Amino acid sequence: MKRWEEQTALVTGAGRGIGRATAIMLASKGVRVAVNDINPDTAQATVEMIQTRNGKAVPAIGDVSNEHDVAQIHQTLNAQYGGVDILVNNAGIILKQPLQDVTEHEWDHILAVNLKGVFLNITHASHHMAEQGYGRIVNISSIAAKHGGGYLGNVAYGASKAGVASLTRGAAREYAPNGITVNAVMPGFTHTPMTDAMSNETRNRILAGMLIKRSAEPEEIARVITFLASPESGFITGETIDVDGGATLD
Ligand SMILES: NC(=O)c1ccc[n+]([C@@H]2O[C@H](COP(=O)([O-])OP(=O)(O)OC[C@H]3O[C@@H](n4cnc5c(N)ncnc54)[C@H](O)[C@@H]3O)[C@@H](O)[C@H]2O)c1
């Protein structure tokens with residue numbers, strides 16, 4: 001078992017929202033956090049927030065759907081810190097229009113960011129984890145995976161997040177012999193820039209389907225991610241955990 005202070009984490013899409021809250025929470029445990037985002041300014045802002053709190057953080061700028069960017073990020077982290085012990089695959093984008101109106105380019109793009117990005121980061125991070133016989137991978141899916149979208153995002157979004165859930169189970173099986181756990185969190189309605197632009201009508205429709213009549217704060221999702229990333233969660237793998245205010249009830 002590795003202590004928090006001995007570990008390096010990579011959190012993708014950590015320039016804002018759930019990713020930023022997770023990066024800050026992991027850093028508060030003593031973990032060195034590589035803050036990935038496609039947006040260098042927001043990634044740098046998260047790094048500075050962590051450093052202001054006396055935490056350890058470095059920027060790791062790049063597009064998770066781009067093999068070259070992902071390889072470069074992991075090469076740098078391998079060279080500087082010996083590799084990643086905790087990988088949080090959080091970066092994601094949403095599409096809201098009906099399936100009928102989705103172009104081929106939009107379909108390819110959302111699958112590339114939300115699903116291929118997870119595949120690329122897992123395969124690059126797993127070498128070091130397997131070598132040391134320890135690793136924690138936490139993927140961010142969504143309850144849209146179970147609803148076929150239609151809740152926060154559309155069908156393409158739901159399909160990409162269902163892919164993340166399946167990838168989580170398969171990767172858990174493949175990497176278990178190497179001491180690596182792979183789990184997913186399925187957030188429900190969470191208060192982040194992704195959901196800020198929502199109309200009142202949509203907000204009320206979503207709240208009507210929840211037992212707890214409010215959105216989650218990003219920290220409430222980050223707390224579950226941090227538990228799954230912790231040394232103490234070693235007997236949980238291949239699991240997907242709903243954090244959805246009682247929206248799904250399964
Ligand atoms: N907010 C919700 O209600 C909710 C619900 C369920 C699941 N989720 C999932 O949680 C994750 C975080 O959501 P959020 O609400 O914080 O979103 P957000 O839009 O507020 O933040 C996402 C971050 O990912 C970054 N990003 C986007 N594309 C990227 C790429 N190709 N490479 C690297 N970074 C990229 C963005 O720049 C942004 O900083 C996403 O995967 C989302 O699908 C969110």
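Which residues in helix 9 are buried? The legends below, for close-up views of a predicted model, begin with that helix.

**View A. The buried residues of helix 9 and their surroundings**. In helix 9, the buried residues are Pro218, Ile221, Ala222, Ile225, Thr226 and Leu228. They lie on the same side of helix 9, because the arc that they cover around the axis is only 155 degrees. The packing partners of these buried residues are helix 1, strand 4 (86-89), strand 5 (135-140), strand 6 (180-187) and strand 7.

**View B. The packing of helix 1 and helix 2**. Helix 1 spans residues 17-28 and helix 2 spans residues 40-52. The axes of the two helices are 10 Å apart and form an angle of about 30 degrees. Angles under 35 degrees count as roughly parallel, and helix 1 and helix 2 are therefore roughly parallel to each other. Their crossing is right-handed.

**View C. Residues in the contact of helix 1 with helix 2**. From helix 1, Arg20, Ala23, Ile24 and Ala27 take part in the contact. They meet Thr42, Ala45, Thr46, Met49 and Ile50 of helix 2. By residue class, the contact comprises six nonpolar, two polar and one charged.

**View D. Phe235 in the loop between helix 9 and strand 7**. Phe235 is located in the loop that runs between helix 9 (218-228) and strand 7 (240-243). Its relative accessible area is 84%; since the cut-off for exposed is over 50%, Phe235 is therefore exposed. Phe235 and Thr181 are separated by 54 residues in sequence, while their C-alpha atoms are 8.2 Å apart in space.

Note on methods: Residues are numbered from 1 along each chain as its sequence is written. This is a predicted model: local features need pLDDT of at least 70, side-chain atom pairs count only at pLDDT 80 or more; totals for chains, interfaces and linings use all residues. Side-chain values use heavy atoms; hydrogens and water are left out. Helices (H or I, at least four residues) and strands (E, at least two) are DSSP runs, numbered from the N terminus. Buried means under 20% relative accessible area, exposed over 50%, partly exposed in between (1.4 Å probe, protein chains only). Axes are lines fitted to C-alpha atoms, for helices over the stretch in contact, and angles run from 0 to 180 degrees between N-to-C directions. Angles under 35 degrees count as roughly parallel, over 145 as roughly antiparallel, 65 to 115 as roughly perpendicular and the rest as oblique. A crossing is left-handed if the near helix is turned anticlockwise from the far one by less than a right angle, and right-handed if clockwise. Contact means heavy atoms within 4.5 Å. Ala, Val, Leu, Ile, Met, Phe, Trp, Tyr, Cys and Pro count as nonpolar, Asp, Glu, Lys and Arg as charged, and the others, Gly among them, as polar. The arc is that of the directions from the helix axis to the C-beta atoms.
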